[in-house]
Amino acid sequence: MSDARDQILGDLRAHLGRGRLDAAAAAEAEARLAAHRRNLVPARAAALDHAGQVALFIAEAETVDATIARVGSAADVPGAVADYLSRQNLPARLVMAPDPKLESIPWSARPMLELRRGRAEDGDAAGITGAFAAIAETGTLMLVSGPESPTRNNFLPDTHIVVLRASEVVACYEDGWDRLRAKGAMPRTVNFITGPSRTGDIEQRLVLGAHGPRRLHIVLVEDAGA
Amino acid sequence: MQPTSHAFKANAHRALGDANLQRAMGMMRAGFPEKRAQAIARLPEFEPLRDEGVAIKNHVLAHLDFYLERFEQNVVAQGGKVHWCRNAQEARETVLGICRSLDAKTVTKGKSMIGEEIAINDFLDANGITPVETDLGEYIVQIRHEPPSHIIAPAVHLIKEQVAESFRETHTHLPPERSLEEPRVLCDEARAVLREKFLAADVGITGANFLIAETGSSIIVTNEGNGDLTQLLPKAHIVLASLEKVVPTLEDATTLLRLLARSATGQEFSTYTTVSTGPRRAGDLDGPGEYHVVLLDNGRSALLGGEFQDMLRCIRCAACLNHCPVYGAIGGHAYGWVYSGPMGAVLTPTLIGIEEAGNLPNASTFCGRCESVCPMRIPLPKMMRQWREREFARALAPQTQRWGLALWSYAAQRPALYRRLSALAARVLGALGASRGRFRSLPLASGWTDTRDMPAPEGKSFMTLWAERQRKTGKTA
């Protein structure tokens with residue numbers, strides 16, 4: 001439909017009262033695209049030190065019904081996960097994203113935890129993933145897709161457990177974009193997740209677990225980078 | 001969808017007498033404005049963020065051709081495809097073509113107002129492909145064969161008993177005597193039914209809240225996660241988006257996202273904000289094999305450079321609906337087409353014509369709340385007035401109204417005459433209504449007195465009282 005393309009672009013320019021952008025205006029727009037300039041960033045998180053940002057992340061995430069366990073090191077993660085599942089009366093069975101950060105956790109310390117590695121399927125009741133970053137401003141997790149982090153693991157299981165390192169907490173979304181650009185190409189999917197799935201579509205009454213996870217549990221690991 | 005905007009008055013009248021609707025609208029009026037106010041109170045930078053949002057959108061509109069071309073380039077570089085469509089018919093054919101190329105039987109859908117605008121569901125259905133809405137509210141209105149009544153809360157006009165009834169009629173594989181009293185139970189039932197649909201779908205269609213020129217990405221926000229399962233599991237992801245959704249950078253989208261959820265539902269951020277860039281990559285364990293963007297004009301390019309250009313800043317948050325006394329009284333269906341409330345009153349005539357939708361810009365008390373809550377500072381009342389002027393200029397208004405306005409404008413341009421006439425009217429009506437203090441009916445004023453009494457004037461006009469007061473205090477008028 002190149003006819004349609006040409007006509008739409010032609011109509012746009014005609015109504016804007018010009019032809020193609022002239023060289024100076026195009027260069028200006030190019031520069032704007034390349035600069036990735038930040039617009040106003042609220043002071044809420046940006047004004048805090050890192051410990052303050054972690055505390056804000058926790059407070060904001062809890063406000064939107066996520067639960068959080070803080071642990072001292074990666075070695076404490078299996079126990080925290082097992083405790084959470086047992087408190088929720090859930091089977092000690094998990095699908096785990098094939099993420100090296102998760103593989104490095106000493107799971108064998110908790111042999112009762114049954115881990116299946118790979119992408120989530122419909123029957124998986126609980127899943128565990130890592131995170132790319134976490135945004136203190138609104139208690140939001142930032143997850144990216146890739147061979148080690150299939151996106152469906154964030155959505156199919158009823159219970160989503162996220163292992164987050166304290167050093168992965170940043171102030172604002174813009175910090176998240178900077179980290180992503182530093183890493184290279186834009187991933188196929190970036191998921192910002194703020195609490196478990198919900199709906200208010202029936203009489204505006206809040207119900208958790210509409211289509212995505214009913215529960216979002218974050219295991220926050222203190223680490224040296226923090 | 002066949003518009004019934006021309007029958008707005010009859011629609012509104014019916015809505016006012018609908019007890020279920022009135023109960024549902026009562027809940028709406030209480031809920032949304034309060035949540036928005038709380039969210040904004042928590043963000044001291046909200047007003048300057050609005051200014052930045054307006055500036056971003058104005059910049060985009062002035063460079064729309066540039067950013068759309070850049071967006072397309074980057075979609076293609078990521079292995080996706082952009083389909084430029086001048087009108088609804090081209091967009092429908094494009095979607096059908098993609099579905100046919102994949103031999104699709106069922107299509108899951110995330111809520112999309114562009115999908116409503118091009119009536120994609122009926123079209124796919126007629127061509128042997130089953131569309132399944134997956135947003136809970138949108139699913140409810142789909143099984144009831146109704147259009148959505150609100151741009152972000154499609155089933156806001158219903159009470160839970162109506163939803164339960166529809167589920168009983170549709171989910172016939174479940175025990176008929178099951179309890180469906182609580183929203184929790186209704187939601188769980190829909191979740192189970194729709195999970196099967198997600199897993200079986202061949203193609204997933206979503207809308208887009210934003211398109212990013214810099215990366216060739218599309219962004220959707222949902223609370224349910226339905227948009228994610230819709231785009232993630234099938235063979236292809238089709239994004240339906242209109243031209244003005246494009247923004248330059250991720251940073252620009254971020255600023256607009258800070259405004260969107262707070263203005264819409266009063267959330268700090270929607271539960272799921274998802275940025276999608278192209279199809280599945282090498283090594284990925286999931287994701288759609290194809291990524292298509294259907295880029296729709298449908299009359300939008302013609303708004304550029306004209307008196308309705310500001311409407312293209314709209315980010316579809318629905319704050320104007322949520323704060324409108326007219327919308328709050330009658331709900332969205334009365335507006336007779338896809339968009340309702342103040343934004344619908346301005347946008348609908350641009351898309352389907354003032355002949356069909358001329359009633360809508362008149363459905364306003366001009367209280368100004370819509371403009372005051374609009375995160376994009378769209379001058380909605382001013383634009384409704386512009387539509388009224390056009391309607392008047394094109395002689396579309398009823399003869400009696402035109403006659404009345406002509407008479408009024410004749411008098412209004414002659415202050416002495418106007419004062420004499422208004423003083424006379426105040427005296428006569430004051431004397432006639434003195435005993436009751438109000439009128440049950442008045443000649444030429446049945447539009448008012450059919451539904452409420454007209455208070456009788458005191459007997460003197462404001463100008464008369466003012467002149468008397470000035471004389472008493474020793475000043476001259």
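This is a short tour of a predicted model, with stops in chain B and where chain A meets chain B.

**Chain B as a whole**

Select chain B first. Its 477 residues include 50% that count as buried. The secondary structure comprises 22 helices and 12 strands. Measured out along the principal axes, the C-alpha atoms fill a box of roughly 90 × 60 × 45 Å. Consider the contacts between residues at least 6 apart in sequence: 74% of them join residues at least 24 apart.

**The parallel sheet**

Next, show the strands of chain B and find the open sheet of 6 strands. Reading across, the order is S1-S10-S7-S4-S2-S3, and the pairing is parallel. Which strands lie at the edges? They are S1 (81-85) and S3 (130-133) of chain B, each of which pairs on one side only. On average, neighbouring strands of this sheet are turned by 25° against each other, direction ignored.

Stay at the S1(B) edge and add S10(B), residues 290-296. These two strands pair in the parallel sense over 5 bridges. To see one such bridge, pick B:Lys81, whose partner in S10(B) is B:His292. In general, strands of a sheet pair through backbone hydrogen bonds, either parallel or antiparallel.

**Two crossing helices**

Now select residues 160-170 of chain B, helix H9, together with residues 183-200, helix H10. Their axes come within 11 Å and cross at roughly 35°. The crossing of H9(B) past H10(B) is left-handed. Show side chains for the contact: H9(B) contributes B:Lys160, B:Val163, B:Ala164 and B:Phe167, while H10(B) contributes B:Pro183, B:Leu186 and B:Glu189. By type, these residues divide into 5 nonpolar, 2 charged and no polar. As background, an α-helix has 3.6 residues a turn, so residues three or four places apart point the same way.

**A buried alanine in a loop**

Go to B:Ala334, in the loop between helix H14 (325-330) and helix H15 (341-352) of chain B. Is this residue buried or exposed? B:Ala334 is buried, because 29 other C-beta atoms lie within 10 Å, and 20 or more are enough to count as buried. Leaving out residues up to four places away in sequence, B:Ala334 touches B:Phe8, B:Asn11, B:Ala12 and B:Ala15. Select B:Ala10 as well: its C-alpha atom is 8.2 Å from that of B:Ala334, although the two residues are 324 residues apart along the chain.

**A hardly covered helix**

For a contrast in burial, select helix H19 of chain B, residues 399-412. H19(B) is hardly covered: the count of buried residues among its 14 residues is 0. Its length can be checked in the viewer. At 1.5 Å a residue, the 14 residues should span 20 Å, and the end C-alpha atoms are 20 Å apart, so the two values agree.

**Where chain A meets chain B**

Finally, display both chains. Here 58 residues of chain A are in contact with 74 residues of chain B. On the chain A side, the elements giving two or more residues are helices H1 (2-16), H2 (23-35) and H7 (173-183), and strands S9 (189-193) and S10 (198-199). Which of them gives the most? H1(A) does, with 10 residues. The residues on this side of chain A divide into 24 nonpolar, 18 polar and 16 charged.

End at S9(A) and strand S9 of chain B, residues 272-276. The two strands run antiparallel and are joined by 5 bridges. Select A:Val190 to find B:Val275 of S9(B) standing opposite.

Note on methods. Residues are numbered from 1 along each chain as its sequence is written. Chains are lettered from A and ligands numbered from 1 in the order in which they are written. This is a predicted model: local features need pLDDT of at least 70, side-chain atom pairs count only at pLDDT 80 or more; totals for chains, interfaces and linings use all residues. Helices (H or I, at least four residues) and strands (E, at least two) are DSSP runs, numbered from the N terminus. A residue is buried if 20 or more other C-beta atoms lie within 10 Å of its own, exposed if 12 or fewer, and partly exposed in between; C-beta atoms are placed from the backbone. Two residues are in contact if their C-beta atoms, placed from the backbone, lie within 7 Å. Axes are lines fitted to C-alpha atoms, for helices over the stretch in contact, and angles run from 0 to 180 degrees between N-to-C directions. A crossing is left-handed if the near helix is turned anticlockwise from the far one by less than a right angle, and right-handed if clockwise. Ala, Val, Leu, Ile, Met, Phe, Trp, Tyr, Cys and Pro count as nonpolar, Asp, Glu, Lys and Arg as charged, and the others, Gly among them, as polar. Two strands pair if DSSP finds at least two bridges between them. The expected span of a helix is 1.5 Å times one less than its number of residues.
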